Amino acid sequence: KPNDQKSPVLFDYERARHQVEYLGLLENVHVRRAGFAYRQPYQRFLQRYKMTCPYTWPNHMMEMDGQAVKAIIDEHNFQDDVAYGRTKVFIRTPQTLFALEQHRAELIPY
């Protein structure tokens, strides 16, 4: 709520600004404006998709997680749809993510 009284006619600007900052909504806007649909820290991305690449499964021997994430992206030929930050991977289109999810689902036994 934008105010402590939970009134529809009151708006506390400082409280709303704090909530927007706390939730990371400004970062979401900046990422979207830059043309990226998805972002994920390297460690979480690697944890989820490492099974889709022989260089990262079961454990990668690279110095940093960012290098392992790059190996996964290169394995699937998604280089043109990805940008790398200091701690996160940024993916432009949802189709890239859907393709990774589909490949991951094919590898998981039911």
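Reader: How do you know that Arg-48 is partly exposed?

Author: This is a predicted model, and its relative accessible area for Arg-48 comes out at 35%. Buried means under 20% and exposed means over 50%, with partly exposed in between. The 35% of Arg-48 falls in that middle range, so partly exposed it is.

Reader: What makes the contact between Glu-101 and Arg-48 a salt bridge?

Author: The closest N and O atoms of Glu-101 and Arg-48 are 2.7 Å apart. The rule asks for a side-chain nitrogen of Lys or Arg within 4 Å of a carboxyl oxygen of Asp or Glu, so this pair passes. Glu-101 lies in helix H5 (residues 94-107) and Arg-48 in helix H3 (residues 42-49), so the pair ties together parts that are 53 residues apart in sequence. As for Glu-101, its relative accessibility is 25%, and it counts as partly exposed.

Reader: Why does the pair of Arg-39 and Glu-27 tie together separate parts?

Author: Arg-39 and Glu-27 form a salt bridge, with the closest N and O atoms 3.2 Å apart. Arg-39 sits in strand E1 while Glu-27 sits in helix H2, so the bridge connects parts that are 12 residues apart in sequence. Arg-39 has a relative accessibility of 24% and counts as partly exposed. Glu-27 gets that label too, at 34%.

Reader: And in H1, what makes Glu-21 and Arg-17 a salt bridge?

Author: Their side chains meet at 2.7 Å, N to O. Set that against the 4 Å limit and the pair qualifies, so we call it a salt bridge. Both residues lie in helix H1 (residues 13-23), 4 residues apart, which is about one turn of the helix. Glu-21 is partly exposed at 45%, and Arg-17 is partly exposed at 34%. There's a network here too: salt bridges link Glu-14, Arg-17 and Glu-21.

Reader: How many salt bridges does the rule give?

Author: The count comes to 6.

Reader: Why is Leu-25 allowed into a surface patch?

Author: A patch residue needs over 30% relative accessible area and no salt bridge, and nonpolar side chains are joined within 5 Å. Leu-25 has 36%, so it clears the area cut-off. Tyr-22, Leu-23 and Leu-25 together make a nonpolar patch with about 370 Å² of accessible area. Leu-25 itself belongs to helix H2 (residues 25-33).

Reader: How do you know that E2 and E3 pair?

Author: Two strands pair if there are at least two bridges between them. Strand E2 (residues 82-84) and E3 have 3 bridges, in the antiparallel sense, so they qualify. Val-82 stands opposite Ile-91 in E3, and Tyr-84 has Val-89 as its bridge partner there. A hairpin of 3 residues joins E2 to E3.

Reader: What makes E1 a partner of E3?

Author: Strand E1 (residues 38-41) is joined to E3 by 4 bridges, so the minimum of two is met. These strands run antiparallel. In E3, Val-89 is the bridge partner of Gln-40.

Reader: Why are E1 and E2 called edge strands?

Author: The 3 strands form an open antiparallel sheet in the order E1-E3-E2. E1 and E2 each pair on one side only, and that makes them the edges. From one strand to the next, the twist averages 20 degrees.

Reader: Which way do the side chains of E3 point?

Author: Lys-88 and Phe-90 point one way from E3 (residues 88-91), and Val-89 and Ile-91 point the other way. In a regular strand, side chains alternate between the two faces of the sheet. All of those E3 residues are buried.

How values were computed:
Residues numbered from 1 in each chain as written. Predicted model: local features only at pLDDT ≥ 70, side-chain atom pairs only at ≥ 80, totals over all residues. Heavy atoms only, no water. Buried < 20%, exposed > 50% of the residue type's maximum accessible area, 1.4 Å probe, protein only. Axes fitted to C-alpha atoms, helices over the stretch in contact; angles between N-to-C directions. Patch = residues over 30% accessible without salt bridge, like charges linked within 9 Å, V, L, I, M, F, W, Y side chains within 5 Å. Areas by Shrake-Rupley, 256 points an atom, 1.4 Å probe, with all protein chains shown as cover.
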